[in-house]
Amino acid sequence: KEIILSTVDGIFAISDLTNLNQFKKINSNFFDFINYEKFYTETQYGIKDILVNNDDLYVSFISQLRENCYNFRILKSKINYEKLIFEIFYEIPDCVDKKNDHQYYAGQGAGGRMQIKNDTILLSTGEFRNRPLAQDRESYYGKILEINLKSKKTNVISMGHRNIQGLYYSKKFDFIISTEHGPKGGDEININHKPSKKIKNFGWPISSYGEHYYKSHSDKILKEAPLNKSHKKFGFEEPVKYFVPSIGISEIIPLNNNENEFLLGAMGSEIAEQDLGLHYIKLNDKKEKIIKHKYFPLNERVRDMVISSNKELIILFLETTSSLAVLKKSIN
């Protein structure tokens with residue numbers, strides 16, 4: 001078994017799981033699709049996720065549609081260890097302009113996670129800090145999108161999202177569990193059962209358990225993004241858990257075949273706030289609420305995680321030291 005990784009600025013490499021000390025670079029034509037300098041110079045841009053589906057590799061990243069206006073692209077290549085030949089699989093047809101009434105910042109509002117859902121790809125999109133887009137039914141930003149692998153037909157699965165950093169779809173039980181960055185406080189874990197049945201709204205930026213970073217926003221912005229301290233009261237889905245202060249929430253992975261136990265990463269910078277480590281959660285039988293939660297400090301920003309198909313090996317990307325760590329399931 002092998003693992004493929006990518007850097008934020010478009011370098012791909014492969015390693016055997018039994019020898020993670022040694023990676024081999026894979027050449028690619030990825031840079032043919034990059035048309036703006038910020039991709040290389042500012043880490044808020046760049047690759048957001050990679051996804052393997054059978055023999056195909058998908059890459060999501062922030063692209064420049066026109067000057068100072070950014071969107072999402074997904075590239076696709078057959079997996080080839082000598083050279084990856086990408087082509088455009090999907091592109092959101094409109095972009096988020098840096099010039100808007102709200103505060104543009106791609107890095108804390110991007111999303112970009114991908115998951116396979118039957119014959120579609122789920123893609124999480126942030127609102128790039130143009131907050132009203134998350135509640136705009138005509139916009140593909142601040143959403144989870146479902147993109148058909150063959151026809152590319154796109155449906156909105158859910159809306160009212162700020163910045164989903166962890167995404168998992170359970171084919172067995174037909175639910176999505178996701179983790180989402182709040183603003184100052186208010187990181188969320190959300191569950192969406194039977195996600196294709198109706199478009200659910202998770203509330204951002206009308207509702208949030210966090211606060212704005214800055215107190216000097218205009219009345220217009222505060223009206224569009226009031227961050228009310230209830231979701232249900234305003235007709236939105238409540239998170240199954242929220243964190244105040246935020247933990248810098250990141251990827252989420254299932255730990256068992258019953259898909260009621262999950263591990264999620266935390267970035268941030270304060271162990272006292274349960275950042276810099278791993279969080280374990282257990283769901284009840286109906287997978288509607290969290291019945292157990294534990295925190296394991298690592299003193300490392302856990303940016304990404306993958307788990308082997310037999311659920312016995314977990315590989316973590318530790319951002320603080322830019323290293324990989326391996327967790328193995330104990331026998332006892």
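**Cavities and cores in a predicted model**

Me: How many cavities of 30 Å³ or more does the structure hold?
Reply: Happy to start there, and please keep in mind that this is a predicted model. With the cut-off set at 30 Å³ or more, the number of cavities in the structure is 3.

Me: Which class, nonpolar, polar or charged, has 6 residues in the lining of the largest cavity?
Reply: Let's look at the space itself: the largest cavity holds about 50 Å³. Its lining includes Gly160, Arg162, Glu180, His181, Ser207 and Ser208. Sorted by class, there are 3 nonpolar residues and 3 charged ones, and the class with 6 is polar.

Me: What is the volume of the second largest cavity?
Reply: Good one to follow with. This cavity is lined by Arg129, Arg131, Arg162, Pro183, Trp204, His212 and Tyr213. By class, that lining has 3 nonpolar, 1 polar and 3 charged residues. Its volume is about 40 Å³.

Me: Which element gives the most residues to the largest nonpolar core?
Reply: This core has 40 residues, and Phe12, Phe30, Ile62, Ile74, Phe86 and Phe128 touch the most other members. Elements giving two or more residues to the core include β2 (12-16), β5 (56-66) and β6 (69-78). The top contributor, with 5 residues, is β5.

Me: How many residues are in the other core, which has Ile177 among its members?
Reply: First, a glance back at Phe30: leaving aside neighbours within four places in sequence, Phe30 is in contact with residues including Phe12, Phe39, Ile47 and Phe86. Apart from the largest nonpolar core lies another, with Ile177, Phe243, Ile249 and Ile281 among its members. Its residue count is 15.

Note on methods
Residues numbered from 1 in each chain as written. Predicted model: local features only at pLDDT ≥ 70, side-chain atom pairs only at ≥ 80, totals over all residues. Heavy atoms only, no water. 1 Å grid on protein atoms, 1.4 Å probe; cavity = no way out; pocket = protein on both sides within 12 Å on 5 of 7 lines; lining within 4 Å. Points joined across faces, edges and corners; volume = space filled by probe spheres on them. Nonpolar A, V, L, I, M, F, W, Y, C, P; charged D, E, K, R; others polar. Core = buried A, V, L, I, M, F, W, Y, C linked by side-chain atoms within 4.5 Å. Buried < 20%, exposed > 50% of the residue type's maximum accessible area, 1.4 Å probe, protein only. Helix = DSSP H or I, 4+ residues; strand = E, 2+ residues; numbered from the N terminus. Contact = heavy atoms within 4.5 Å.
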